[in-house]
Amino acid sequence: MAKLLPFQREKNLIGGEWIDADSAGTIEVTNPATGEVIGTVPNCGAAETKRAIEAAQKAFEGWRATTAAERADKLRKLAAALEKNKEELAVLLTTEQGKSLAEARGEVGISAAYVLWFAEEARRVYGDTIPSPWANRRILVTKEPVGVVAAITPWNFPSSMLSRKLGAALAAGCTVVTKPATQTPYSAIAWGLLAEEAGIPPGVINILTGSATQIGGEMTANPLVKKVTFTGSTEIGKLLMKQASGTMKRVSMELGGNAPFLIFDDADLDAAVEGAIGSKYRNSGQTCVCANRFYVQAGVYDAFAEKFAEAVRDLKVGNGLEPGVTQGPLIDEKAVEKVEEHIADVLAKGGRVVTGGKRHALGHSFFEPTIVADVTPGMKVAKEETFGPLAPLFRFDTEEQAVAMANDTEFGLAAYAYTRDLGRAFRVMEGLQYGQVGINAGVITTEVAPFGGVKESGLGREGSKYGLDDYLNVKYGCIGL
Ligand SMILES: NC(=O)C1=CN([C@@H]2O[C@H](COP(=O)(O)OP(=O)(O)OC[C@H]3O[C@@H](n4cnc5c(N)ncnc54)[C@H](OP(=O)(O)O)[C@@H]3O)[C@@H](O)[C@H]2O)C=CC1
Ligand SMILES: O=C(O)CCCC(=O)O
């Protein structure tokens, strides 16, 4: 087994104590670029989760009583700790997840940015006074932290998905029990070490790895948990929501995407290609806001396909730690099989490969960045999220047709469109049934803007001034004079 990297802690954190699983059981963690086991993490279950929730509840009484300025100070120190250790954290992230080091540095950077944003927002949790309908009564509205928060995060952004939950929760005065994805636990466990460095009190952040069903089961059933926040698949999101309804917990759900990317005849094609590369191939196509379906107007279909293919051929596949690599491996074999299944379906139904199309010669879970053309609505890629480096090009004739095809999905997370017509830009932005729309912009995530979806892509918003609301209860006080 490889030597441990800086910040690679093989324990869990409950109430300030670094612990092993009660059973002493562990789970191996693998580097997807090499297939090498890089370490183990505790295989915890319901009992450890219950203790972590109790520790978080105990810490909540003290943390909620701190002033906003005190919480802001700790969060600023946490952001500084992330920035100071960015290189080590990025190497750890790439090693367990596979993305290029440049992207990993970017992810740690935005994690720090989320925490810093919420450090600033902590001091702006304003209430209201409302003109009273009674002469002898006054009406106040205040906001209070919801309580203990359970946060479950995925493997595609193991650091930043946690940062926007943790940052908002801590700023609001909540405490957290978190469970990262089993494939990428170390970047989340590292937050325990960073929190210690920042002086965040024991029990405010608790971190568990292990059985998803046991940990998730306890998190959603335990009455001390007041809110569940989840990023991952729509299927598991629905399950957790059902489970959380037993004790009527608040929920935030960031789920699947299936994002459309529209290119109109009047688009700046070079800008559209640049946006498409960022939107589609970031994290090797494994983000929930990745373009999944490209709708190209007939007049520029061939020209766009050609320019896009040229740019895709320049992408460099390899171990994310190697200089110049832009495309790391997919997370696992199952992810590769999904991409293969979607390509095979396109080819069986009359589509063609423009570039790529198969597993990469490097082996493991590396896949060639791929474009397929002559794609039609009856193919699987029209309905299912590929979550890999596959860009299917559909053809359309009119704006109405493009918007209708883009909206023909149960998902509604992110959508993109390229056009130089101002009126069309507004019509399309308003017509797309999505929580986030990029017009002439392919990568739009930032800590200052609300991230979240509509339809089956989820509930709630993360980041921005709206991101705190999910962690606050509104209280109405009526004071008789
Ligand atoms: N919206 C997004 O950003 C993401 C979307 N996805 C989509 O989901 C597909 C499947 O990916 P996958 O990793 O399986 O996503 P999951 O939704 O299964 O996993 C996300 C997180 O949920 C946990 N989890 C899984 N089952 C349960 C459960 N019953 N109770 C509580 N927690 C649970 C996982 O833990 P564990 O790792 O231990 O199983 C992980 O921490 C992808 O191909 C993609 O389409 C995936 C990841 C992120
Ligand atoms: O895939 C996700 O769940 C979040 C994507 C975040 C980003 O756009 O950086």
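The legends below describe close-up views of a predicted model and its two ligands. Local features require pLDDT of at least 70 and side-chain atom pairs pLDDT 80 or more, whereas totals for chains, interfaces and linings use all residues; side-chain values use heavy atoms, with hydrogens and water left out. Residues are numbered from 1 along each chain as its sequence is written, while chains are lettered from A and ligands numbered from 1 in the order in which they are written.

**View 1. The annotated domain.** The unreviewed UniProt entry lists residues 18–475 as "domain: Aldehyde dehydrogenase"; such annotations may be inferred rather than shown by experiment. Over this range the chain is 40% helix and 21% strand (DSSP runs of H or I, at least four residues, and of E, at least two). The end C-alpha atoms of the range are 37 Å apart.

**View 2. The shell around ligand 1.** Ligand 1 is surrounded by 24 residues (a heavy atom within 4 Å). The closest are Thr 153, Trp 155, Lys 179, Thr 182 and Ser 233. Helix 7 (212–221), strand 10 (225–231) and helix 8 (234–244) each contribute at least two residues to this shell. Its composition is 13 nonpolar, eight polar and three charged residues, where Ala, Val, Leu, Ile, Met, Phe, Trp, Tyr, Cys and Pro count as nonpolar, Asp, Glu, Lys and Arg as charged, and the others, Gly among them, as polar.

**View 3. Polar contacts and burial of ligand 1.** Polar contacts here are pairs of N or O atoms within 3.5 Å. A polar side-chain atom of Trp 155 lies 2.6 Å from an oxygen atom of ligand 1. Backbone N or O atoms also approach nitrogen atoms of the ligand, at 3.3 Å for Ala 212 and at 3.2 Å for Leu 255. Taken alone, ligand 1 exposes 860 Å², of which the protein buries 82% (Shrake-Rupley method, 1.4 Å probe).

**View 4. The surroundings of ligand 2.** Among the residues around ligand 2 are Phe 157, Met 161, Arg 164, Cys 288 and Phe 451. By class, the shell has five nonpolar, four polar and two charged residues.

**View 5. Polar contacts and burial of ligand 2.** Side-chain N or O atoms of three residues pair with an oxygen atom of ligand 2: Thr 445 at 2.6 Å, Arg 282 at 2.9 Å and Asn 156 at 3.1 Å. Ligand 2 exposes 280 Å² when taken alone, and the protein buries 95% of that area.

Key
A polar contact is a pair of N or O atoms within 3.5 Å; within protein, one must be able to donate a hydrogen and the other to accept it, and residues adjacent in sequence count only if both atoms are side-chain atoms.
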